[in-house]
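Here is a short walk through a structure, meant to be read with the viewer open. Please keep the sequence at hand as well.

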Amino acid sequence: MVAAILLSALAMSVIVGVRYLVASGGFALATRIRQPGLYRGLERQMGREVRWSLLSAFIYGVPAGIVAWGWQARGWTRIYSDINDYPLWYLPLSVLLYLLAHDCWFYWTHRWMHQPRLFRIAHAVHHASRPPTAWAAMSFHPWEALTGAIVIPGLVFLIPIHVGALAVVLTVMTIMGVSNHMGWEMFPRWMVRGPMGAWLITASHHQRHHEYYACNYGLYFRFWDRLCGTDKGLGEFVKARA
Ligand SMILES: [Zn+2]
Ligand SMILES: [Zn+2]
């Protein structure tokens, strides 16, 4: 049993690591094409981002792997695979619930980690990327990685979700984690600067967090930032020259 759990944790760490390399590698390539020269001179920083991210991937994999084992072997969790177990309208709702819960957790733990003492211990690694690149998506100190690693494995015990909807949540998490750090805005201006962007977080919003630190703490939604007065609007990107 212990061997099976360890194997599951290890397999999940490898999966998260590969997912990181594919996603960040993909967006780094897109950056090369769309914004040539944007990461020029950041090679050493990107090396550090990759190393911290791979360590984080390992940390993320452990709770996820243990829970995945328990789901398969012991019937833990509220993950369901028969689509008829819940009404169809619950599928998009469950995705939204997960994103809202993750966003809430992220906002408050992130804000907490900006207290000077904790910042030095847990969060300075993430902010050492100046400016962050597509490789910084999981560039966290192990303490910070731990706070992120337990969210989804915890939520699957609380909120029922179809395995496909869970895949959607993880995909959104991966894409936004990478694109919010890649140094340019991939969404159209009408969306980012329009009514939708008033509530959704994209790279322009998170860029300002990396610029000013004590604002724009959210992950997916601007709700908490706006409610708590920490939303300082959207940042602008300096256009890279070829
Ligand atoms: Zn960040
Ligand atoms: Zn921060």
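The paragraphs below go from record annotations to helix packing, then to one buried residue and a few backbone details.

Please keep in mind that this is a predicted model. A good place to begin is the UniProt record, an unreviewed entry, which places the feature "transmembrane region" at residues 6-29, 50-69, 89-108 and 165-184. Let us see how two of these spans look in the model. Residues 89-108 are 95% helix and 0% strand, and the C-alpha atoms at the two ends are 29 Å apart. For residues 165-184 the helix share is 75%, again with 0% strand, and the end C-alpha atoms lie 28 Å apart. The unreviewed entry in UniProt also lists "domain: Fatty acid hydroxylase" for residues 95-230. In the model, that stretch is 58% helix and 1% strand, with its end C-alpha atoms 26 Å apart.

Now turn to helix α7, residues 163-179, and look at how helix α3, residues 90-112, packs against it. The two axes come within 9 Å and cross at roughly 40 degrees. An angle from 35 up to 65 degrees counts as oblique, and α3 and α7 are therefore oblique to each other. Their crossing is right-handed. On the α3 side the contact is made by L91, S94, V95, Y98 and L99, while α7 supplies A165, V168, V169 and V172. Sorted by class, this contact of α3 with α7 has eight nonpolar residues, one polar residue and no charged ones.

Helix α7 also packs with helix α1, which spans residues 2-34. Here the angle is about 45 degrees and the axes are 10 Å apart, which makes α1 oblique to α7. The crossing of α1 and α7 is right-handed. If you select R19, A23, S24 and F27 in α1, you will find that they meet T174, I175, V178 and S179 in α7. The residues in the contact of α1 with α7 divide into four nonpolar, three polar and one charged.

Next, find E49 in helix α2, residues 43-74. Is E49 buried or exposed? A residue is classed as buried if 20 or more other C-beta atoms lie within 10 Å of its own; E49 has 25 of them, so E49 is buried. Setting aside neighbours within four places in sequence, E49 is in contact with S129, T133, W135, A136 and S139. W135 is 86 residues away from E49 along the chain, yet their C-alpha atoms are separated by 5.7 Å.

The backbone has some details worth a look too. A cis peptide bond joins R130 and P131, with omega at about -5 degrees. P131 sits in the loop between α4 (116-127) and α5 (142-149).

Which values of phi do T77 and Y213 take? T77 is not a glycine, but its phi is positive, at about 70 degrees. T77 belongs to the loop between α2 and β1 (79-80), and T77 counts as partly exposed because 19 C-beta neighbours lie inside 10 Å. Y213, likewise a residue other than glycine, has a positive phi near 65 degrees. Y213 is found in the loop between α9 (203-212) and α10 (223-227). With 13 other C-beta atoms within 10 Å, Y213 is partly exposed.

Methods. Residues are numbered from 1 along each chain as its sequence is written. Chains are lettered from A and ligands numbered from 1 in the order in which they are written. This is a predicted model: local features need pLDDT of at least 70, side-chain atom pairs count only at pLDDT 80 or more; totals for chains, interfaces and linings use all residues. Helices (H or I, at least four residues) and strands (E, at least two) are DSSP runs, numbered from the N terminus. A residue is buried if 20 or more other C-beta atoms lie within 10 Å of its own, exposed if 12 or fewer, and partly exposed in between; C-beta atoms are placed from the backbone. Two residues are in contact if their C-beta atoms, placed from the backbone, lie within 7 Å. UniProt positions are given in the numbering used here, feature names are shortened, and annotations may be inferred rather than shown by experiment. Axes are lines fitted to C-alpha atoms, for helices over the stretch in contact, and angles run from 0 to 180 degrees between N-to-C directions. Angles under 35 degrees count as roughly parallel, over 145 as roughly antiparallel, 65 to 115 as roughly perpendicular and the rest as oblique. A crossing is left-handed if the near helix is turned anticlockwise from the far one by less than a right angle, and right-handed if clockwise. Ala, Val, Leu, Ile, Met, Phe, Trp, Tyr, Cys and Pro count as nonpolar, Asp, Glu, Lys and Arg as charged, and the others, Gly among them, as polar.
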